[in-house]
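Colleague: I've just opened this one and I'm new to it. Could you walk me through how to read it?

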Amino acid sequence: MSTINGTRSPQIAQRVAANALPLAMAAIVVVFAIAQPAFLTPDNLIGIVRQVALIGIMATCMTFVIMTGGVDLSVGPVLAIAGLVSFYCLQADLPLAVVILAGLAVGVLIGTFNGLVIAFLQLPPIIVTLATLSIVRGSALILGGPEQHLIRNEPAYSFIGAGSLFGLPFSIYIFALVAAVMIFVQRRTPLGLLVTAIGDNERAAHLSGHRTRITKTLVYAISGFGAALAGIIQSSQVHTALATYGPFGTELDVIAAVVLGGTSIMGGNGSVARTLLGVFFLGIVNNGMNILNVPIDIQLIAKGAIIVIALAIAARRS
Amino acid sequence: MDAPAILRGVGLTKIYGNLVALRDADFSLRPGEVRALIGSNGAGKSTLIKVFTGAIAPTLGRVEIDGVAAPLGDPSEMIRRGIACIYQHSNLAPAMSVLDNIFLGRQPTRRFGFVDSARQRREARALLERHRIAIDLDATVGNLPTVKQKEVEILKALALDARVILMDEPTAWLAASEVAKLHDTIRMLKTRAVGIVYISHVLDEIFAVCDTMTIMRDGRVIAESAVADIDRPRVVHLMVGEKLARESAEAAHEKRHPRGTGEIRMSARDLTKRGVFTEVSFDLHAGEILCITGLIGSKRTELLRTLFGCDRFDGGTLQIDGRTAAFASPTGAIAAGVGFVPEDRHREGLMLDMTMTENLAMATLDRFHRGLMLQRRRMSEAARQAIASLSIQPPDGSRPVKLLSGGNQQKVLVGKWLNRAPRILILDEPTVGVDVGAKAEIYRILRRERERGAAILVVSSDLEEVFTIADRIGVMVAGRLVRIHDADDCRLQDIVREIGGAAA
Amino acid sequence: MTIRPATVALVLFFAATLAFFSVSAPRFATATNYENLMAGFSFVAILAMGQAFPILVRGIDLSIGAIVGLVGMVVFDLTLIFHVPGYVILPVALVVGMLAGALNGVLVVVLRLQPFIATLATLAAYRGLTYTISGRQLVPGLSTTPITDRWIVGIENYFDVGGWLGVNKLLAMPWFPLSFFIMLALFALFQTLVLATRFGRDLYAVGGNYEAARLAGINTGRVIITAYALSGLCAAIAALIMVARFTTATEALGTGSELTAIAAAVIGGVSLAGGIGSMFGPALGAFLLGAVLLGLTLQGVPQFVQQIITGAILLAAVGYDRLLVVRRQRRLAANLAQAG
């Protein structure tokens, strides 16, 4: 057998690359903690989790979409319209469960529509969800108009986003639950395995007897669900429903978190747990830079540079 | 014939991951020489060609053109030095015209980079005339039938006025008349001192048009000879190697089971898909291996895909266990007890980044969950058993499949169906790119499945393979299943003649 | 290059749209309205043509909105803070746009990032850079100072074409904005570039079959980087038109315009699969979007419904494109059947 020289050093490089994100995260935490002791206070840390909860929920729920090689640009407007639908249900004095279910149902419906068009008509996900982005935003504006709708005297609803339980904001529990469920689904259910399989090799999954198109539809429905849930939490948090919530750029933040977590935009390789890592990484960077009074512009440049560096490392890994 | 070599490869080695595709191969070609490059699938012929075209850079070794070392892995440099290639797989831009494809990457230009369309057309016309090929230069390539696309591919190489033309199975899609025309072209090029490397599985073609041959096996060059100095049995013997030749001789003495137990599992009657295959009829019995062989492009793969429900057929009937079947998707076929191992394991068979355990469970996920929970432990247990019974190396279920050798990957692909104990197992080129040891093991697995009572349908271009494992042998020519022999009653030469039926 | 059925369909659809609104929308068939259409969508057409280049090589450029912002701010700074004359600023602006685009190409080619991700990252970075160099922040007093440089503001100019032709007595011709002529000139230039030059052939080859292009000796990296640089160039030109119109630049200039540009390009039949489409479709696609939006506005349809209709048009466009592909495959199979 011919031996191949120099296999060892690439292996080390690969291992470093695989753990680049946690390593970078640790380094950044140390830097921030030294530069500004306030960074490591419990209040600030809880603050970080609360800040990332919305993006975090959407990112964990969109991870499957990206794992199948797709993308969902429509999450921003879905977030807005779910808040509005819940607001109108509240106004109609419907029970809280119905209010929440109605909001979530809108998200699932839009996601299902995305999925059906993408999976069965085989249209490109970028364009399809770009179209629904426009359609849903328009629908949200028709539904709610350009004005703010205050949510007053709805203690139960307000609790979702603004309440706290055992000293922690309630939204953190929701985020944790969603993350746990999604990690469970990915690691412990046939669906999770199938999502990975479709992203890795859709033809092979089809030839192994799996109904790949139905699975693909489902992952967009999940993404829509996540966006709607984020919308409900946000409207509850700020006691307002507004058609322009989840402005342009929201979807990019969500995608950035997923991709930073190491999920390949080409599909296949990916993990919800690593998406969380991406979410927290971005959250920590944002928070730390805020604390250090880094101006917003440098933050944006830094964000772009981080994505490029992280992915350049990932590209080297494969 | 003693002119110095125009193209020479010295000590060429190419390693992909842990697969050695080419080992220390030496090769040389003189002006005006037509050299056949032969070997089974996976012997390293295409890899060698790709090194010469610059499509890939060899891991070790060098390429010399006119005795001067050429830069490696740079297609444009190779083209500049006069190396052209007719690739096996389409290398055309489908949305562009025939004319633009012929001159892809080197359209004649006037000032400011404007394409000189008039000159381009003039040159193309002259080329068509010279080689007596009729084709609409303005047709969009993607709209042409495959045969015509192949002609464009050939024209593209001829248009380069190259000094060396590499032809990787140039006749695979061509009809007899076009093959004859191509051979005339080759003889004409020969008079102009163009060196030609000719890859083909059809020995008739090689003995008709080539001067010399290089025989490869397992990535090595194992023999070189003038065509005049060698006979066909010797060529076949060299191609497959001593061991396999002996084994297949032994296997020939093994008891064959034409029509197995006699129970008909799958029955096709006049199965037709317009423009693809026509009136295909056969019965597949429990406990037999039916091999269908033929040239590339004889639509064997398409037939298998239809049997498995990937494509629909438009005429005839298909029965599984006596019941009429028209599968809308593989899901239906699998439910009826059919398993399918596709030809291209990377593109259609395996999830390369996923583990062996996961790949082995891919066709039986429905058995590995309780409620919503995936039972990883049972999956691993099943995988461990499969790995042991298939003797997959290394026996580590948590290893990503992409790190396995081709042979072990193929065993995983076969193995994922064995969990289901399929009643009918369909395999498309089950040993492409697989080393000799793994080949023998895959044969052993297939025989074991046959003893178990499975009905096995194999498509293979590798005749040694066909004679090693088949109980019956079907020959497919241009979309028709022309004949089915009992393997005991037919000779290699007969099959070779029948396969080339349309081409010779 | 033959005319594709998709292009014919687009032209017919555009004509039908104009006819529909001329009949149904008050004041649609007026000189003012057409002037609005040309003034308001010429730069969208320019962005869409620019976007077509990356899409032709199977990529996408999400950063053009940010490049518009960046170039706008460069112009703002150079003229208001440094008092650089306009004839110097114009070429500088174009170079900045091209470099920003070329950097996208380099990320795609050299670092092998997915175009979607690479340009997503530069979208953030360029927008950040815009804030960093913002003269509005550095010299707050300037934020209300209009740009008056003749060379720049001169881009916002209208020509009485009807007057020149002497047809004003017969029909009320709209005044044509300079941006429309710039768009036409770019269209002529780019259409020639893609259809008649070596670069154009290489572009289609790389987008249509990357491996074939590589093996044919085409310098694929250079082609791809050039495609992104051209996209950046178009963004710079669009930025100049916008700055001239508003006589100022904000940090948010161009936000979201990448989506409109992509939509126009796709509506114009540029296939995301690469290698299919030309410059005519994206340009007309932009004006089609514009006509629909203006027509709906004149009909009194709320702006929100227009978004829905824009989305629906986009879906219909990709759906139609897909339909053509499926049909072509069927026809191919039928051809094969005859041949066999």
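**Helices side by side**

Modeller: Sure, and keep in mind that this is a predicted model. Let's start inside chain C: on α2(C), the residues C:A39, C:G40, C:F43, C:I46, C:L47, C:G50, C:Q51, C:F53 and C:P54 make the contact. Their partners on α12(C) are C:A227, C:Y228, C:L230, C:S231, C:C234, C:A235, C:I237, C:A238, C:I241, C:M242 and C:R245.

Colleague: What kinds of residues make up the contact of α2(C) with α12(C) by class?

Modeller: By class there are 15 nonpolar, 4 polar and 1 charged residues.

Colleague: And how do I describe the way two helices pack?

Modeller: For two packed helices you give the angle between the axes and the distance between them. Here, helix α2 (residues 31–56) and helix α12 (residues 220–246) of chain C pack at about 170°, and their axes are 7 Å apart. Because of that angle, α2(C) is roughly antiparallel to α12(C).

Colleague: Can we try another pair? At what angle do α9 and α14 of chain C cross?

Modeller: Roughly 155°, with the axes of helix α9 (residues 178–196) and helix α14 (residues 280–298) of chain C coming within 10 Å. So α9(C) is roughly antiparallel to α14(C). From α9(C), the contact uses C:F180, C:M183, C:F187 and C:Q191, while α14(C) brings C:F280, C:A283 and C:F287. Sorted by class, the contact has 6 nonpolar, 1 polar and no charged residues.

**Where chains meet**

Colleague: Now the chains. How do people put a size on an interface?

Modeller: Often by the accessible area lost when the parts come together. For chain A and chain C, about 3200 Å² is buried, and carbon and sulfur atoms give 87% of that. In residues, 39 of chain A are in contact with 37 of chain C.

Colleague: How many salt bridges and polar contacts are there between chain A and chain C?

Modeller: The rule finds 0 salt bridges across that interface, and 4 residue pairs are in polar contact. On chain A's side, the elements giving two or more residues are α5 (96–120), α6 (125–144), α12 (250–260) and α14 (296–317).

Colleague: Which element gives the most to that side of chain A?

Modeller: That's α6(A), with 13 residues. By class, the side of chain A that touches chain C has 31 nonpolar, 6 polar and 2 charged residues.

Colleague: What about chain A with chain B? What area do they bury?

Modeller: About 2300 Å², with 62% of it on carbon and sulfur atoms. The contact takes 23 residues from chain A and 33 from chain B. There you'll find 12 residue pairs in polar contact. Chain A's side draws two or more residues from each of α8 (170–188), α9 (190–200) and α10 (202–207). That side has 9 nonpolar, 9 polar and 5 charged residues.

**Charged pairs**

Colleague: And how should I think about salt bridges?

Modeller: Side chains of opposite charge can pair when their charged atoms come close. Between chain A and chain B the rule finds 1 salt bridge: A:R203 pairs with B:E348, and their closest N and O atoms are 3.0 Å apart.

Colleague: How many salt bridges does the structure hold over all chains?

Modeller: It holds 37. One of them is between the side chains of B:D100 and C:R201, at 2.6 Å from N to O. B:D100 lies in helix α3 (residues 98–102) of chain B and C:R201 in helix α10 (residues 198–208) of chain C, so this pair joins two chains.

Conventions. Residues are numbered from 1 along each chain as its sequence is written. Chains are lettered from A and ligands numbered from 1 in the order in which they are written. This is a predicted model: local features need pLDDT of at least 70, side-chain atom pairs count only at pLDDT 80 or more; totals for chains, interfaces and linings use all residues. Side-chain values use heavy atoms; hydrogens and water are left out. Axes are lines fitted to C-alpha atoms, for helices over the stretch in contact, and angles run from 0 to 180 degrees between N-to-C directions. Helices (H or I, at least four residues) and strands (E, at least two) are DSSP runs, numbered from the N terminus. Angles under 35 degrees count as roughly parallel, over 145 as roughly antiparallel, 65 to 115 as roughly perpendicular and the rest as oblique. Contact means heavy atoms within 4.5 Å. Ala, Val, Leu, Ile, Met, Phe, Trp, Tyr, Cys and Pro count as nonpolar, Asp, Glu, Lys and Arg as charged, and the others, Gly among them, as polar. Buried area is the accessible area (1.4 Å probe) that two parts lose on being put together, summed over both. A salt bridge is a side-chain nitrogen of Lys or Arg within 4 Å of a carboxyl oxygen of Asp or Glu. A polar contact is a pair of N or O atoms within 3.5 Å; within protein, one must be able to donate a hydrogen and the other to accept it, and residues adjacent in sequence count only if both atoms are side-chain atoms.
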